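Subject: Structure handover

Hello,

Please find the structure below, with the sequence. My notes on it follow.

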Amino acid sequence: MATESPAKRKCAGGDCDKDAGTLQCPTCLKLGMKESYFCSQDCFKRNWATHKAVHKSQSSFLSNILTPKVVSEPDPDNPWPNFSYTGTLRPKYPLTPRRDVPKSIPHPDYWRDGIPHSEQTFKGRTRIDILDKKQQEGMRKVCRLAREVLDIAAAAAVPGVTTDYIDELVHKACLERDSYPSPLNYGHFPKSVCTSPNEVICHGIPDQRVLVDGDILNIDVTLYHGGFHGDLNETYYIGDKAKADPESVRVVETARECLDEAIKLVKPGALYRDYGNVIEKHAKNKKCSVIRTYCGHGINSLFHCSPSIPHYAKNKSVGAAKEGVCFTIEPMIALGSYRDKTWPDDWTSVTIDGKRTAQFEHTLLVTEDGVEILTARLPNSPGGPVPMPGAVVETNGETNGAAH
Ligand SMILES: [Zn+2]
Ligand SMILES: [Zn+2]
């Protein structure tokens, strides 16, 4: 039996006769009501005062059969009015409905109830898997696909688009590659990709916020294909303004270099605790700090498993790399404090002082004598390093020194 085509829905805005888009009122969703699609964010906001009356009738109906409860009505521009934000970024609701993945694409074990059961076994938590040649080939394949999907998302990350649009692109690109977007419902994460602008450290939820010239944006993509996960992320400059902002360039390029420096150490016998030492050393040189709450991780048929890879110095991670192990390094670097705070959505992690932060991530395979970067950039990958704006060239130094 077919469901009603979204194209036939009418906007629920009282003063609007347009067709509905995919935006749904979150309160209606929560109350289990139907037909609450709107044509646009603006229309939803404009009609909020009248639309919310619908919730009242439903909740008073419910209160007759259930214990009376206060039903909150989130302001689309400020869903958590009592939350003290650390910076200027705000969520922009409503989120679009959960996207579907066809049954024909193999799903990871958490897709339905949100719980990664296989990661919670003894094996997932403590054993470090050594992959055989066939499994390594599986990792190679999914990581190549993940790179393709990240590049598609990155090419679309320009001023004027919403992060939800990037989520839609990532979702579709995954399905085209017979892949499940790993973040979707992982621990109940609601979307197919993490999008983290400006002061968001990681795990940002794609929403209706429009990217503006001057933003920086991390896009973190993971695919599940052929029984394996491939995970990578990069931070991109949105528009030319961001590339001309020395502070943004400092934090983004430092994060990029920190990952590159750490990867240089990877080979059999290298200690998992040592990556943090080179990362923090480089970050400090650039007057940046290293986020401590989130770590790199083992990755294979499990999205997250042993080993744990902290990015800060003097950490106590146990063990050494062995040929055939796959793990990620994904340093998060901040302009100000390393301390973080999480939004009431239970995902979005932001810097405590609201200053900018950047991250880069690769999935790595330890080889006989070194490392293979499974998610390596391709010759035509968008993004890449940019020079420090207004960088002082050597001759300037001489001029200054010669002043008399
Ligand atoms: Zn990761
Ligand atoms: Zn990732």
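Is His203 buried or exposed? The model is a predicted one, and in it His203 has 22 other C-beta atoms within 10 Å, so the residue is buried. His203 sits in the loop that links β5 to β6 (216-225). Leaving out residues up to four places away in sequence, its contacts are Cys194, Ser196, Trp347, Thr348 and Ser349.

Annotated positions

The unreviewed UniProt entry has a "binding site" annotation that covers His203 and His304. These two are spread over 102 residues of sequence but cluster in space, with a largest C-alpha distance of 14.4 Å. His304 is in the loop between β9 (296-298) and β10 (305-309). With 21 other C-beta atoms within 10 Å, His304 is buried. Residues up to four places away in sequence aside, His304 touches Glu119, His297 and Ile299.

A further "binding site" feature in the unreviewed UniProt entry is placed at Asp231, His297, Glu330 and Glu361. This set is spread over 131 residues of sequence and also clusters in space; here the largest C-alpha distance is 10.7 Å. I looked at two of its members, His297 and Glu330.

- His297 belongs to strand β9. It has 21 C-beta neighbours inside 10 Å and therefore counts as buried. Beyond four places in sequence, His297 is in contact with His304, Cys305, Ser308, Ile309, Phe327 and Thr328. The contact with His304 joins a residue of this feature to one of the annotation described before it.
- Glu330 lies in the loop between β11 (326-329) and β12 (332-334). It counts as buried because 26 C-beta neighbours are inside 10 Å. Its contacts, apart from neighbours within four places in sequence, are Asn233, Gly296, Gln359, Phe360 and Glu361. Of these, Glu361 is itself a position of the feature.

The sheet with β5

β5, β14 and β13 make up an open sheet of 3 strands, in the order β5-β14-β13, with antiparallel pairing. The edges are β5 (200-202) and β13 (340-342); each has a single partner strand, so one side of each has no neighbour in the sheet. On average, and ignoring direction, neighbouring strands in this sheet are turned by 40° against each other. Between β5 and β14 (residues 349-351) there are 2 bridges, in the antiparallel sense. Cys202 is opposite Ser349 of β14, and Ser349 is also among the contacts of His203.

β6 and its partners

How many residues of β6 are buried? The count is 10 of 10. In a regular strand, side chains alternate between the two faces of the sheet. Both faces of β6 are covered: one side has Ile216, Asn218, Asp220, Thr222 and Tyr224, the other has Leu217, Ile219, Val221, Leu223 and His225, and all of these are buried.

Three pairings of β6 are listed here, with one residue pair for each:

- β3 (residues 180-181) runs antiparallel to β6 and is joined to it by 2 bridges; Tyr180 has Tyr224 as its bridge partner.
- β4 (residues 194-197) is antiparallel to β6, with 4 bridges; Pro197 is opposite Leu217.
- β7 is antiparallel to β6, with 10 bridges; Thr222 is opposite Asp231, a position of the UniProt feature above.

β6 and β7 form a hairpin, with 2 residues between the strands. Gly226, in the turn, has a positive phi of about 60°.

After β7

Ile238 is in the loop between β7 (228-237) and α7 (239-243). It has 22 other C-beta atoms within 10 Å and is therefore buried. Ile238 and Pro159 are 79 residues apart in sequence, yet their C-alpha atoms are 6.1 Å apart. Not counting residues up to four places away in sequence, Ile238 touches residues including Ala157, Val158, Pro159, Ile216 and Leu217. Ile216 and Leu217 are on opposite sides of β6.

A helix pair

α5 (residues 133-156) and α6 (residues 163-176) pack with their axes 9 Å apart, at an angle of about 155°. Angles over 145 degrees count as roughly antiparallel, so this description applies to α5 and α6. Their crossing is right-handed. On α5 the contact is made by Val149, Ile152, Ala153 and Ala156, and on α6 by Ile166, Leu169, Val170, Ala173 and Cys174.

Regards

Terms used:
Residues are numbered from 1 along each chain as its sequence is written. Chains are lettered from A and ligands numbered from 1 in the order in which they are written. This is a predicted model: local features need pLDDT of at least 70, side-chain atom pairs count only at pLDDT 80 or more; totals for chains, interfaces and linings use all residues. Two strands pair if DSSP finds at least two bridges between them. Axes are lines fitted to C-alpha atoms, for helices over the stretch in contact, and angles run from 0 to 180 degrees between N-to-C directions. UniProt positions are given in the numbering used here, feature names are shortened, and annotations may be inferred rather than shown by experiment. A residue is buried if 20 or more other C-beta atoms lie within 10 Å of its own, exposed if 12 or fewer, and partly exposed in between; C-beta atoms are placed from the backbone. Two residues are in contact if their C-beta atoms, placed from the backbone, lie within 7 Å. Angles under 35 degrees count as roughly parallel, over 145 as roughly antiparallel, 65 to 115 as roughly perpendicular and the rest as oblique. A crossing is left-handed if the near helix is turned anticlockwise from the far one by less than a right angle, and right-handed if clockwise.
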